Amino acid sequence: QVQLVESGGGLVQAGGSLRLSCAASGRRDFSSYAMGWFRQAPGKERDFVAVISYTGGRTDYADSVKGRFTISRDNAKNTVYLQMNSLKPEDTAVYYCAADAGYAILVAGAPDYWGQGTQVTVSS
């Protein structure tokens, strides 16, 4: 089993920045997993945000965050990050970290593991 714990959420003004972190534990093969971020606003479905391959060499983003968000990982620290710049009120959501051995499976929204989520609120 893999346990994922998100941190770094909070309240920011529009145009500001946040960096989310997701720490993985429970097994020793974190570096073999693709990692991603999803978000869910109140009353809406959970949406894909970003994904990164196990080597960090491949990334994909939702169109709504391209040019503003950057996903990265540090396998030595068992941690994945989401740098969020130029935040907008519509970015307000609970952000969830996710992991799966398959990159395509993660992008499709069916990962094996989910974190508990961290709240991001962007004021206008």
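One disulfide is present in the structure, which is a predicted model. A disulfide is a covalent bond between the sulfur atoms of two cysteines. Here the bond is formed by Cys-22 and Cys-97, with a distance of 2.1 Å between the two sulfur atoms. Cys-22 belongs to strand E3 and Cys-97 to strand E9 (residues 93-100), so the pair ties together parts that lie 75 residues apart in sequence. The torsion about the S-S bond is about -85°, and the disulfide is therefore left-handed. Both Cys-22 and Cys-97 are buried.

Strand E3, which holds Cys-22, is also part of an open sheet of four strands, arranged in the order E1-E3-E8-E7 with antiparallel pairing. The edges of this sheet are strand E1 (3-7) and strand E7 (69-74), each of which pairs on one side only. On average, neighbouring strands of the sheet are turned by 15° against each other, direction ignored. Strands of a sheet pair through backbone hydrogen bonds, either parallel or antiparallel. Between E1 and E3 (residues 18-25), the antiparallel pairing extends over five bridges. Within this part of the sheet, Leu-4 stands opposite Ala-24 in E3.

The edge strand E7 contains Phe-69. The relative accessible area of Phe-69 is 3%, and this residue is therefore buried, the cut-off being under 20%. Leaving aside neighbours within four places in sequence, the residues in contact with Phe-69 include Arg-39, Val-49 and Tyr-61, as well as Leu-82, Gln-83, Met-84, Asn-85, Leu-87, Asp-91 and Tyr-95. Ser-17 is 52 residues away from Phe-69 along the chain, and the C-alpha atoms of these two residues are separated by 9.5 Å.

A further buried position is found at Thr-118, in strand E11 (residues 118-123). Its relative accessible area is 11%, which means that Thr-118 also falls under the 20% cut-off. The side chain of Thr-118 reaches the backbone nitrogen of Gly-9 at 3.3 Å. Gly-9 is also among the residues that Thr-118 touches, not counting residues up to four places away in sequence. The others in this list are Glu-6, Ser-7, Gly-8, Leu-20, Ala-93, Val-94 and Tyr-95. Tyr-95 thus appears among the contacts of Thr-118 and among those of Phe-69.

Notes
Residues numbered from 1 in each chain as written. Predicted model: local features only at pLDDT ≥ 70, side-chain atom pairs only at ≥ 80, totals over all residues. Heavy atoms only, no water. Pairing = 2+ DSSP bridges. Helix = DSSP H or I, 4+ residues; strand = E, 2+ residues; numbered from the N terminus. Axes fitted to C-alpha atoms, helices over the stretch in contact; angles between N-to-C directions. Buried < 20%, exposed > 50% of the residue type's maximum accessible area, 1.4 Å probe, protein only. Polar contact = N/O pair within 3.5 Å; in protein donor to acceptor, adjacent residues only side chain to side chain. Contact = heavy atoms within 4.5 Å. Disulfide = S-S within 2.5 Å.
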